[in-house]
Amino acid sequence: MALHLRLHEFGFSALAQLGDQEPTSALWADLMDQIVDQMLAHRKIFLLHERNQAAFEALHREEHDESHEDLQANFRRVLSDDRVPVRVRVRMAASFGAVMGGIFMAGDAFGEVPSSELSEILLGAVGDLLR
C-alpha cells in the first residue's frame, strides 16, 4: 500500500506544480509527460493494482479515501478553470484518460512493449489530443 500511496503523492505534486497558473495545453503536456514517466517507472505497481483491483479498492476505502478525494478534487479544479476554453479543458481530460487507459486500465495488454516505446506512443496521443 505504501508504494500505491507514493503514486498518489506524485499526483498531488504534479497538480501542485500548476498552482494558480492558467493550465495551458503546454503546461498540461509537460504534466502528462511527468505522469507517464512516473507511471512507467512503476509499471509493476499498476499491473499489480489492476490484477488485485478489489483488494486495493477495499484498502482505498479503509486507509485513504479522503486523500483520494482530495486528488480528484484538485484534478477537477484544474479542469474547471474557466480561464481555459472548454475545448482545451475537454482535451486535457481526454489526454489524461489516454494515459490512464494506456498504462493502468489496459492491464498487461502492453506488458511486452518496452517502456520507452510505450512512453513515445502515449505522449504522441497526448500531443494529438492537445492540438
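**Exercises on helix α7**

The buried residues of α7 in this predicted model are Leu118, Ser119, Leu122, Val126 and Leu130.

**Exercise 1.** Determine how the buried residues of α7 are arranged when the helix is seen down its axis.

*Solution.* Begin with the buried set, which includes Leu118, Leu122 and Val126. Seen down the axis of α7, the buried residues fall within an arc of 100 degrees, so they line one face of the helix. Then turn to the other side of α7, where Ser116 and Glu120 are exposed.

**Exercise 2.** Decide whether Ser119 is buried or exposed, and find which residues beyond its neighbours within four places in sequence are in contact with Ser119.

*Solution.* Locate the residue to start with: Ser119 lies in helix α7, which covers residues 115-130. Its relative accessibility is 12%, and because buried means under 20% relative accessible area, Ser119 counts as buried. Finally, leaving aside the neighbours within four places in sequence, Ser119 is in contact with Val36, Asp37 and Leu40.

**Exercise 3.** Check the span of α7 against the value expected at 1.5 Å a residue.

*Solution.* The helix has 16 residues, which at 1.5 Å a residue should span 22 Å. The end C-alpha atoms of α7 are 22 Å apart, and this agrees with the expected span.

**Exercise 4.** Place α7 in the setting of the protein chain as a whole.

*Solution.* Consider the secondary structure, which comes to seven helices and zero strands. Next consider burial, where 33% of the 131 residues count as buried. Turn lastly to the contacts between residues at least 6 apart in sequence, of which 79% join residues at least 24 apart.

Notes: Residues numbered from 1 in each chain as written. Predicted model: local features only at pLDDT ≥ 70, side-chain atom pairs only at ≥ 80, totals over all residues. Heavy atoms only, no water. Helix = DSSP H or I, 4+ residues; strand = E, 2+ residues; numbered from the N terminus. Buried < 20%, exposed > 50% of the residue type's maximum accessible area, 1.4 Å probe, protein only. Contact = heavy atoms within 4.5 Å. Expected span 1.5 Å × (residues − 1). Arc of directions from axis to C-beta.
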